[in-house]
Amino acid sequence: MQRREFIAGVAATLAAAPAAIGNGAHRVIACEEAFTLPEIQAELRRMRGESDTAPVPPHVRAMLDVGEGRLRTMDAAHVDMHVLSLGTPGVQDFETGTAVALAKVVNDRLSAIVRSHPDRFAGLATFAPQDPQAAARELERSVRKLGLCGALFNSHTHGEYLDDARFWAIFEAAEALKIPLYLHPRDPSPALGGPALNIPGFRVGWTFGVEAASHALRLISAGVFDRFPKLQIILGHLGETLPFITSRLDERYRVESASWGDRKLRRLPSEYLRENFYFTTSGMNVWSPLRATIEAVGIERVLFAIDYPFEDQSHAVRGIEDAPLSMGDRRAIFESNAKLVFGLA
Ligand code: MN
């Protein structure tokens, strides 16, 4: 490079460099941020046989706050926006009628929360996979009438996974509405769980991820993305380890599917991961695995997330601010990719 070009480049970088977070270099949009409603907590307590007078744990108190208290914690951490979603397990453990009815209550309330602070909150709809047709209708209502920008589900529903074709009305609706579906972790299904995956100390850190990553692979294996090629799924925690094993997934898939004939997928596993999935940094705002994810799937597939209230907001923001990313890549992760994926103004 010529010295003159080098100096011009340095000058341009300095002119555009942020002096501090939140000075206009980029917004910070966090997209796996949990909230809940008193109605959901009451139903969960009823289901678990707990008393209504039991003390409310701090993380539930934090999720219930979708007003000034939460905004203050966001301000303190230089977080501009929470893309809100109902905390795990959503409505998926409830009986079908209750789940369908409560999903509507949640989405109505979420829409009102977003309208109260449209520059600070966006919302992912909740739905009840227990009734796939009702879920598809609720997705349409949530997007077209309520202005929500995607939807989130918490992996299995009563032990069932959405690779079963009886659930595919949900994917058909999401693809038609051009909204992403966030596949959020939860405790494993009865078939996956049991003593082998009951590892003290590693319930959330490992077992939740195995549940969600297995669900994602089931969707690929079942041909969901051949049937719905534009469908987009978001995975948290940098893809629950999937971006780190793409070459192995491809190689072993080639061997295992060699005799499948017509049943063979149209693309390689890694191609679905690069073309039908997004990966958020929730709980994984760490440079080395982030770099590996960017190399495996591309910068345009990575979104910032915190996992509030389970992870510290300032720590999460700092992890990306301190990562050795170009300004453009940092802005892509914090802001521009989320705007594109969720269609935010
Ligand atoms: Mn989460």
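This passage looks at the overall build of the protein chain and then at one residue, Asp250, in a predicted model.

Starting with the fold as a whole, the protein chain carries 15 helices along with eight strands. Its radius of gyration comes out at 21 Å, close to the 20 Å that the globule rule gives for 345 residues, so the chain is as compact as a globular protein of that length. Taken along the principal axes, the box filled by the C-alpha atoms is roughly 70 × 60 × 45 Å.

As for what is inside and what is outside, buried residues account for 53% of the 345 residues. The protein chain exposes about 16,100 Å², and 54% of that area is supplied by carbon and sulfur atoms. Contacts reach a long way along the sequence: of those between residues at least 6 apart, 79% join residues at least 24 apart. On the charge side, there are 38 positive and 42 negative charges, and their mean positions sit 3 Å apart.

Now for Asp250, which is part of helix H11, spanning residues 246–256. Asp250 is buried, yet no salt bridge goes with it. The nearest side chain of opposite charge belongs to Arg254, and that one is 5.4 Å away; a salt bridge would need a side-chain nitrogen within 4 Å of a carboxyl oxygen. Leaving aside residues up to four places away in sequence, Asp250 touches Leu268, Pro269 and Ser270.

Definitions and conventions
Residues are numbered from 1 along each chain as its sequence is written. This is a predicted model: local features need pLDDT of at least 70, side-chain atom pairs count only at pLDDT 80 or more; totals for chains, interfaces and linings use all residues. Side-chain values use heavy atoms; hydrogens and water are left out. Helices (H or I, at least four residues) and strands (E, at least two) are DSSP runs, numbered from the N terminus. Buried means under 20% relative accessible area, exposed over 50%, partly exposed in between (1.4 Å probe, protein chains only). Lys and Arg count as positive and Asp and Glu as negative; His and the chain ends are not counted. Contact means heavy atoms within 4.5 Å. The radius of gyration is taken over C-alpha atoms; the globule rule is 2.2 Å times the number of residues to the power 0.38. Accessible areas come from the Shrake-Rupley method with a 1.4 Å probe; for residues, only the protein chains shown count as cover. The place of a charge is taken as NZ of Lys, CZ of Arg, CG of Asp or CD of Glu.
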